[in-house]
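Biologist: I would like to look closely at one part of this chain, a place where side chains of opposite charge could pair. Please take me through that part slowly, and then show me how it fits into the rest.

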Amino acid sequence: MTQQAERTRRIPLSRDRVLTAAVALTDDVGIEALSMRRLAQELGVVPMALYKHVANKEELLDGMVDALVSEIDPPVSGAGWQNAVRLRVLSARAALLRHPWARQVLESRTNKTPAVLGYMDSFIGMFLAGGFSVDLTHHVMHALGSRMWGFTQELFDDAGGAAQGPVDLPPEAQAAMFREMAERYPNILKVATASAHEDSVVGQGCDDQFEFEFALDLLLAGFERLHKQRWTSMPKKTSKPE
């Protein structure tokens, strides 16, 4: 055993140390490979030692989400609601991109921990502090959905294969595929191949970060317009005939 490993074993085990190690391990090996046994090996302890700090794997995953939340910047004071929300969402997205497992784990959580509830509460608070009514804020949160965590379901993830995968095919097969798409789904093909960007999880024709910020700014502008109009979902009261 190396001196570094020996020093690691001597550090007292704590919940924070377990969660930090779990996040680092999952960043390296992926969420599918994470197990209590694998984590125990990483920490140089027996698996049962972990259960003094996390009751089970579900609690471990909840704690990893809490660690993710701690990486998101707090609201910027004095920035105005629109800029404050934008910066907060983009900070959440940056945290998410640092941890490839985060989206999958976030979507799997049914238990909202105090850290998650605190993040949601302060997020809502940015709109209320900006003068939004409770009614409008309710609908704003629905419209934002998972964007408050820095991700959203993309339109062209599985658009018939038009936006992903053809670069791996021989040129003749690519040409044949595009001809078929042009005949059967011409509008999808036009939009999905409108531009070319590398390193995209959305599709060959999309810049992930640009598309995310474009939609976010569109929503924020719409929220501001409704706010200025003093919009409400409540039906307008009409006077009863005498």
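Which side chain meets that of Glu213 in a salt bridge, and at what distance from N to O?

Modeller: Before I answer, please keep in mind that this is a predicted model, in which local features need pLDDT of at least 70 and side-chain atom pairs count only at pLDDT 80 or more, while totals for chains, interfaces and linings use all residues. Residues are numbered from 1 along each chain as its sequence is written, and side-chain values use heavy atoms, with hydrogens and water left out.

The partner of Glu213 is Arg86, and their side chains meet in a salt bridge at 2.8 Å, N to O. The two residues belong to distant parts of the chain, since Glu213 is in helix H12 and Arg86 is in helix H6, 127 residues apart. The term salt bridge stands for a side-chain nitrogen of Lys or Arg within 4 Å of a carboxyl oxygen of Asp or Glu, and the helices named here are DSSP runs (H or I, at least four residues; strands are E, at least two), numbered from the N terminus. Side chains of opposite charge can pair when their charged atoms come close. Glu213 is partly exposed, with a relative accessible area of 22%, and Arg86 also counts as partly exposed, at 22% relative accessibility. These words have fixed limits: buried is under 20% relative accessible area, exposed is over 50%, and partly exposed lies in between (1.4 Å probe, protein chains only).

This pair belongs to a wider set, for the structure holds 9 salt bridges. In another of them, the side chains of Glu58 and Arg109 meet at 2.9 Å, N to O. Glu58 lies in helix H5 and Arg109 in the loop between H7 and H8, so this pair ties together parts that are 51 residues apart in sequence. The two partners differ in how much of them is covered, because Glu58 is partly exposed, with a relative accessible area of 44%, whereas Arg109 counts as buried at 16%.

A third salt bridge, between the side chains of Glu224 and Lys228 at 3.7 Å, N to O, stays inside helix H12, where the two residues are 4 apart, about one turn of the helix. Lys228 counts as exposed, at 65% relative accessibility. Elsewhere, salt bridges that share partners join Glu58, Asp62 and Arg109 into one network.

Now let us see what else H6 and H12 take part in. The largest nonpolar core has 50 residues, and those with the most contacts inside it are Leu39, Leu60, Phe123, Phe127 and Trp149. Among the elements that give two or more residues to this core are helix H6 (81–98) and helix H12 (208–228), along with H3 and helix H5 (57–70). H6 gives the most, with 8 residues. Such a core is a set of buried Ala, Val, Leu, Ile, Met, Phe, Trp, Tyr and Cys residues joined through side-chain atoms within 4.5 Å.

Leu60 lets us follow this core in detail: leaving aside its neighbours within four places in sequence, Leu60 is in contact (heavy atoms within 4.5 Å) with Val18, Leu19, Ala22, Leu34, Met36, Leu39 and Val54. Two of these, Met36 and Leu39, are in H3, where they are buried together with Ala40 and Leu43. These four cover an arc of only 100° around the axis, taken from the directions from the helix axis to the C-beta atoms, which puts them on the same side of H3. On the other side of H3, Arg37 and Gln41 are exposed. H3 is followed by Gly44, whose phi is positive, near 75°.

A positive phi also turns up in the segment after H12, where Arg230 lies; its phi is about 55°, although Arg230 is not a glycine. Arg230 is exposed, with a relative accessible area of 76%.

Stepping back to the whole protein chain, the secondary structure comes to 12 helices and 0 strands. Of the 242 residues, 34% count as buried. Among contacts with a separation of 6 or more, 66% are made by residues 24 or more positions apart.
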